[in-house]
Amino acid sequence: MPIPPNSFNNKGNGKKNPFRFNMYWMYAIVLIFLLGMYYLDDNTITKEVDYSQFTAYAEQGGIKNLVVYGDAREAKAEISDSLASVLFKNTEYKPGSSIKPEITTTIPSTSKFDDMVDSWRVKGYFNGSVKYEKSSQFNSLLWAFGPIILMIAVWLFIMRRMSGGGSGGAGVFSVGKSKAALFDKNNSVKVTFKDVAGQAEAKTEVEEIVEFLKNPKRYTDLGGKIPKGALLVGPPGTGKTLLAKAVAGEANVPFFSMSGSDFVEMFVGVGASRVRDLFRQAKEKAPCIVFIDEIDAVGRARGRNPNMGSNDERENTLNQLLTEMDGFGSNSGVIILAATNRADILDKALLRAGRFDRQIYVDLPDLNERVEIFKVHLRNIKTAPDLDIDLLARQTPGFSGADIANVCNEAALIAARNDKKEVTREDFIAAVDRIIGGLEKRTKITTDEEKRAIAVHEAGHAAVSWNLRYANPLVKVTIVPRGKALGAAWYLPEERQITPTEALLDQLCSLLGGRAAEELFLGHVSTGAANDLERVTKQAYAMVVYYGMSDRLPNLCYYDSTGQDYGFSKPYSNERAKIIDEEVSRIISEQYQRAKDILTKYAKEHHELAELLIKREVIFTDDAARIFGPRKWASRTDEILGKNGDTPALPEASPAEGSESDNQSDSGDSPAQTPPPYNPE
C-alpha cells in the first residue's frame, strides 16, 4: 500500500510555534553578568584601611586624588605608585600597568575631613582634586546579591521546565499527561482514501466508521450502535497506518494519534495516567477518533512474564485501557483505532466484543492490488512509454506497499546514476535484484574451481526445477555474487491459495538439486548448500509436524496458532519425536534421490547449461527453454516469461501456494547409470 509523504508528525494547527526560551540563553546571561561585573569594576584594585593609616599615607604624599561620599562617611583615594608597590606587593598589580590602585577608609565626618584636607594642602602633602559624590553601592550590591539572584532565576527556570511550562507540557511534573497529537479540520493532513490503493475490503470497513461519525442518524434510526473500536492487523508495510491517516484526512471530527510506547515510562503509574488523560481529552471533543499505533507495546497478554510479584507498569496501563474502553463510564462518540502486526500476543480481554468490535485484516497485496500500488508510486516518476506495469506486479509477489515504494525509488536512483532521462524496465529489474539479493560484488575474488562449483550447483537447481510440475517457473540463474550469496537461481512463484503435498515435495526436490549436482558431477559436496539445507529441513518438519502430511503421522498438527491455550512446549512423547525425525529424514532422502534421478536423466543438458553459465555468468528463461525444451506444464507465468524471457525477477521466497486441481506430480524416471563427473574439456 502506498505511503504518501504526509504523516502524523505535522503537529499543531498550522500556526507558527510560539516564542520559546532556550537553555543556551542562560549561559549567555551568566556570561554577560560576569563581563558586566568586570567592566563595572572600572579595572581598579582597592584596599580598605583605617582612618589613622589613611592620614599617615596622606602625610607621606602618597595620595593623589580624593572622592568623598558624605552620606556614607567614606573616602576613596587614588594612591601613588610607590605606595601601591608596598600595599599591593603580592598581588597582580605592577607599576605602570593599566590597573588603578586605590584605598578606602571611613571618615569621622565630612566637615572634620575637609579641615584635614585643608591642613594637608597648607603643609604641601596633598595637591590633588577632591570630589564630593553621593554613595554608589551598586557595585557592592551587585557582587553581594547578584549570584543569589542568578541562582534564584536559574532555579525558577528549571522548575518551569520541569513543570512543562517551557516545553509544551513535557516536563517532569506533566509525565502523566497524554502525548497524543491532535488533528482536526485546521490541520493539513492531505491523505485521503483516494491515496490508498488496493485493500478494498479494509478500506470499506474504515470508511463505514467515518460515515458513522459523519451521519450517525442513518444508523441509530435502525437501532444500531457506534462500534467501540477497530483493530488493523497485518504484516509490516501493508498500509495500516496509512489507513488511519486517510481516516484523519476524511473525517470531519478531531483525531488523536499516538504510539503504544508513549504510554510506558520509567515512572510508576504514568501509563495509566496518560490513558485517563487521553480519554478525558477525547470525551471533551467527542465525537472523535483515537488512533493507537503499535498497540502490542501496551496490549500484550497479561500474566505471560510475571515480574516476581512486583508492580507491572505495562499491565496497569492495559488494565486502565480496558476500563476506559468498556467500563462503567460512558465514552459515547469516541472510537478507538489501533494497529499491530502481532495480534497473536494481544490480551484476549482487549479483543473481545465491546472493545475492539472489529478486526480488519490488512493483508499483503495480490497481483491486481500491486498494479494499483505501482500506478500510485509511478505518478511522479518519469518512466519509459513501453513500461509494463503488469509485469512489474508479477515480478514482485509477496511485496508490501512499502516494498513497492522502495522498488520505485530505487529504480529512479539507478536510472539517475546511469544519466538516463527516464526510468526503464531494466532499471526496475535492477532495483528488484538490488533489494532482494543485495549489491553485485563482481570484485569478489573466486578461483576457477569455485566458479565451476557454483555454476554446477546453480545449474542443478535450474535443471531440476525445469522438469518438475509444481516447481516455480525459472526466471534467471546467476553466478555473480550478491550480498552474502555466491550465486542464485531466481524464480517467479505462482500466487495460489493452497498448497498440495506434491507441490511441497517438488519444492524440496528443487532445493536439493544443487547439492545433488555437486555430488553427481563434481564427486564431492561443499558448504554452498547450507541455506538450501536449512530451508529443506524446516519445510520437511513443517510437513510432518504442522500439516499432517506424513504417512506414519497423518492428520496431526502440533502448532498452537494462539500461543495462549497450553503451557507445555513439546506436546508429544520421546517415541513420537523419534518418529517425527525418521519421517523428516525419509522425506528429505526420497527427494534427494529424486533430484539425482532427474539430473542423471538430463546430465547432458545440465552440462550445457553449466558451461553457458560459466561463460556468460547470467542466463535467462529462453536459454533454459532452448536447452531443455519448453516446459510441459505451462502456466500464466510461463506465458509472461515467454514474452519477456530476458527479464529477471524475484528470487524464490517462501514455498509457493499450490492448487487443488490436477495433483499429479512428476515422480521422475527410473534411475539410469550415474553419469561421469562434469568435465567440459
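Are phenylalanine 54 and phenylalanine 113 buried or exposed? Phenylalanine 54 is buried, and phenylalanine 113 is buried too. The model is predicted.

## Aromatic pairs

The model holds 6 aromatic pairs. One of them joins phenylalanine 54 and phenylalanine 113. The ring centres lie 6.2 Å apart, with 50 degrees between the planes. The pair is tilted.

This contact links distant parts of the chain. Phenylalanine 54 sits in helix H2 (residues 51–59). Phenylalanine 113 belongs to helix H4 (residues 110–123). The two residues are 59 residues apart.

## The ring cluster

Phenylalanine 113 also pairs with tryptophan 120. Here the centres are 6.1 Å apart and the planes stand at 90 degrees, over the 60 degrees cut-off, so the pair is edge-to-face. Tryptophan 120 is buried, as is phenylalanine 113.

Ring pairs thus tie Phe54, Phe113 and Trp120 into a cluster.

## Helix H20

Helix H20 covers residues 530–546, 17 residues in total. From its first C-alpha to its last, H20 reaches 23 Å. That is close to the 24 Å expected at 1.5 Å a residue. Just after H20, glycine 548 takes a positive phi of about 65 degrees.

The buried residues of H20 are Asp532, Val536, Gln539, Ala540, Ala542, Met543, Val544 and Val545. Which helices help cover the buried residues of H20? Among them are helix H17 (448–466), helix H18 (501–511) and helix H21 (574–601).

Terms used: Residues numbered from 1 in each chain as written. Predicted model: local features only at pLDDT ≥ 70, side-chain atom pairs only at ≥ 80, totals over all residues. Heavy atoms only, no water. Helix = DSSP H or I, 4+ residues; strand = E, 2+ residues; numbered from the N terminus. Expected span 1.5 Å × (residues − 1). Buried < 20%, exposed > 50% of the residue type's maximum accessible area, 1.4 Å probe, protein only. Contact = heavy atoms within 4.5 Å. Phe/Tyr/Trp six-rings, centres within 6.5 Å; stacked < 30°, edge-to-face > 60°.
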